[in-house]
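Student: Hey, can you walk me through this one? I'm new to it, so plain words please.

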Amino acid sequence: MMSRTMTDAPIPRRVDGKKLVDINQQLTGIIDSAKLTRLAAATTHVYTPVQCHVEFFRDPERFLILSGDCSVKVGMECQRCLNEVQADIRSEFELGLVLNDEQAKKLPRRLEPIELSEEGRLELWEAIEDEILLCLPDFPMHGDGECTAFNANPEKDNSAEELKRPNPFEVLAQLKQK
Ligand SMILES: [Zn+2]
């Protein structure tokens with residue numbers, strides 16, 4: 001029997017951001033994706049819990065940092081055939097924890113600000129959900145050969161797709177298949 005791993009531990013919904021920075025806390029675990037309603041609304045299905053690893057620390061410039069990476073498997077509507085396409089979403093982020101706009105303005109560009117409550121509380125689920133939403137593809141699509149629209153009539157679809165599709169790599173891939 002497999003032992004329960006650390007990654008099964010639930011990630012807390014909200015945390016004391018300042019305190020976790022002070023003790024250099026690392027958290028590894030999962031968020032029940034059924035609780036993330038915005039992610040549910042942006043996808044057709046969420047297949048896995050969100051796997052997370054986050055770390056709180058103070059960087060050499062004394063900024064309060066939340067860095068981490070998260071992954072989740074979702075289904076979205078293929079923009080070509082309108083059937084579901086599954087995607088493994090992975091997000092890596094480094095955020096600067098701030099108490100107000102003043103502090104946010106002082107952050108270096110590489111750090112995206114995230115505001116704590118007056119008491120230093122951080123809505124951790126919300127922050128992670130935001131990062132995942134940012135990583136969802138704007139134009140989810142099956143790969144060539146997996147998309148029913150593509151298989152049904154490749155010649156006709158190609159000419160139509162090339163006109164409206166913004167991704168040049170996809171177009172190249174299709175041209176090669178001709
Ligand atoms: Zn498709």
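Tutor: Sure, let's begin in the middle. The largest nonpolar core has 30 residues. Such a core is a set of buried Ala, Val, Leu, Ile, Met, Phe, Trp, Tyr and Cys residues joined through C-beta atoms within 7 Å. V50, C52, V72, L95, L97, I128 and I132 have the most contacts inside this core.

Student: Which elements give two or more residues to this core?

Tutor: They are α1 (17-22), β4, β5, β6 and α4. Helices (H or I, at least four residues) and strands (E, at least two) are DSSP runs, numbered from the N terminus.

Student: And what counts as buried?

Tutor: A residue is buried if 20 or more other C-beta atoms lie within 10 Å of its own, exposed if 12 or fewer, and partly exposed in between, with C-beta atoms placed from the backbone. Of the 178 residues of the protein, 25% count as buried. As background, nonpolar side chains in soluble globular proteins tend to be buried together.

Student: Is there anything I should know about the model itself?

Tutor: This is a predicted model, where local features need pLDDT of at least 70, side-chain atom pairs count only at pLDDT 80 or more, and totals for chains, interfaces and linings use all residues. Residues are numbered from 1 along each chain as its sequence is written. pLDDT is the predictor's confidence in each residue, from 0 to 100. The mean pLDDT of the protein is 87, and 80% of its residues reach 70 or more.

Student: Which elements have the lowest and the highest mean pLDDT?

Tutor: Helix α6 (residues 154-164) has the lowest, at 50, and strand β3 (residues 45-46) has the highest, at 98.

Student: OK, back to V50. What does V50 touch?

Tutor: Leaving out residues up to four places away in sequence, V50 touches I30, I31, S33, C70, V72, I128 and I132. Two residues are in contact if their C-beta atoms, placed from the backbone, lie within 7 Å.

Student: I128 and I132 came up twice. Which residues of α4 are buried?

Tutor: L124, A127, I128, E129, E131 and I132 are the buried ones in α4. This helix (residues 124-135) has 12 residues and reaches 17 Å from its first C-alpha to its last. That is close to the 16 Å expected at 1.5 Å a residue, where the expected span is 1.5 Å times one less than the number of residues.

Student: Now the strands. How many bridges join β4 to β5?

Tutor: Eight, and β4 (residues 50-58) and β5 run antiparallel. Two strands pair if DSSP finds at least two bridges between them. R58 has L64 in β5 as its bridge partner.

Student: What else does β5 pair with?

Tutor: 14 bridges join β5 to strand β6 (residues 84-98), again antiparallel, and L64 has L97 as its bridge partner in β6. Two bridges join β3 to β5 (residues 64-77), also antiparallel, with H45 opposite G75.

Student: What's going on in the hairpin turns?

Tutor: The β4 and β5 hairpin has five residues between its strands, and R62 there takes a positive phi near 75°. The β5 and β6 hairpin has six residues between its strands, with L82 in the turn at a positive phi of about 70°. Neither is a glycine: that goes for R62 and for L82. Most residues other than glycine have a negative phi.

Student: Are those two buried or exposed?

Tutor: R62 counts as exposed because it has 6 C-beta neighbours inside 10 Å. L82 is exposed too, with 10 other C-beta atoms within 10 Å.
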